[in-house]
Amino acid sequence: MGMSASGKRGIVSDMNVVPLIDILLVLLVIFMLIRGYSLGEEALVPQPSMEKAPAPPPVDVVVIQVLADGTLRVNQEPVSFDKLSSRIDEIFKRRASRVAFIRADQPVEFGVVAQVIDVMHASGVASVGLLTPDLEKGF
């Protein structure tokens, strides 16, 4: 800012923009020169493959359903609560991945679902997922 206390006008507090314009012009010239000297590298963009990708192997998903009346189903097969642990052991005996999902009807109490999760963890299921209607569309 430039300030002047002499003369008839009194104190003048106008911003002196001349140095800012000089800096702007110098930057403009620098960027104009850099643009002329810069050479880009030729980019090799990957092209889509014409071969069809092989279909992924079918995934065997284990879904334990807890129905509104309290009955259980493992992959659509009815199972009693007492035999759930042995059925889970039988299913995961020959599988490498120990992942299962639970799908419960709307009016089922959380305590019942928690008991099923406890049985699954006791049977050695490593990961338990909860299925929602949006996720079920993928199975």
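This report walks through the fold, the core and a few selected residues of the structure above.

## Before we start

What you see is a predicted model: local features need pLDDT of at least 70, side-chain atom pairs count only at pLDDT 80 or more, and totals for chains, interfaces and linings use all residues. Residues are numbered from 1 along each chain as its sequence is written, and side-chain values use heavy atoms, with hydrogens and water left out.

## The overall layout

Let's begin with the big pieces. The chain has four helices and seven strands. Here helices (H or I, at least four residues) and strands (E, at least two) are DSSP runs, numbered from the N terminus. Going along the sequence, you meet them in the pattern β-β-α-β-β-β-α-β-α-β-α.

Now for the surface. The accessible surface of the chain is about 11,500 Å², and carbon and sulfur atoms account for 61% of that. Those areas come from the Shrake-Rupley method with a 1.4 Å probe; for residues, only the protein chains shown count as cover. Of the 139 residues in the chain, 19% are buried. Buried means under 20% relative accessible area, exposed means over 50%, and partly exposed is in between (1.4 Å probe, protein chains only).

Contacts tell you how the chain folds back on itself. A contact means heavy atoms within 4.5 Å. Take the contacts between residues at least 6 apart in sequence: 57% of them join residues at least 24 apart.

## The nonpolar core

How many residues does the largest nonpolar core have? It has 19, and those with the most contacts inside it are Leu-84, Val-116 and Met-120. A nonpolar core is a set of buried Ala, Val, Leu, Ile, Met, Phe, Trp, Tyr and Cys residues joined through side-chain atoms within 4.5 Å. At least two residues of this core come from each of strand S3 (63-66), strand S4 (72-74), helix H2 (84-91), strand S6 (99-104) and helix H3 (110-122). H3 gives the most, with five residues.

Met-120 is worth clicking on. Skip its neighbours within four places in sequence, and Met-120 is in contact with Ile-64, Ile-88, Ala-100, Ile-102, Val-125 and Val-128.

## A β-α-β unit

Ile-102 also turns up in a strand pairing, standing opposite Leu-130 in S7. Strands S6 and S7 (residues 127-130) run parallel and are joined by four bridges. Two strands pair if DSSP finds at least two bridges between them.

Put S6, H3 and S7 together and you get a right-handed β-α-β unit. Right-handed means that, with the strands pointing away from the viewer, the path from the first strand over the helix to the second runs clockwise.

## Three residues to look up

Is Gln-65 buried or exposed? With 6% relative accessibility, Gln-65 counts as buried. You'll find Gln-65 in strand S3. Not counting residues up to four places away in sequence, Gln-65 touches Thr-71, Leu-72, Arg-73, Gln-76 and Arg-103. Gln-76 is a different story: its relative accessible area is 51%, so Gln-76 is exposed. Gln-76 sits in the loop between S4 and strand S5 (77-79). From Gln-76 to Val-63 is 13 residues in sequence and 8.1 Å in space, C-alpha to C-alpha.

Phe-81 is in the loop between S5 and H2, and at 38% relative accessibility Phe-81 is partly exposed. Setting aside its neighbours within four places in sequence, Phe-81 is in contact with Leu-72, Gln-115, Val-116 and Val-119. Along the chain Phe-81 and Val-119 are 38 residues apart, yet their C-alpha atoms are separated by 9.3 Å.

## Charged partners

A salt bridge is a side-chain nitrogen of Lys or Arg within 4 Å of a carboxyl oxygen of Asp or Glu. By this rule, the count is two. In one of them, the side chains of Arg-87 and Glu-77 meet at 2.9 Å, N to O. This pair links distant parts of the chain, with Arg-87 in helix H2 and Glu-77 in strand S5, 10 residues apart. Arg-87 is buried at 17% relative accessibility, while Glu-77 is partly exposed at 40%.

Arg-87 also forms a salt bridge with Glu-90, where the closest N and O atoms are 3.2 Å apart. Both of these residues lie in helix H2, three residues apart, about one turn of the helix. Glu-90 is partly exposed, with a relative accessible area of 42%. Since the salt bridges share partners, Glu-77, Arg-87 and Glu-90 are joined into one network.
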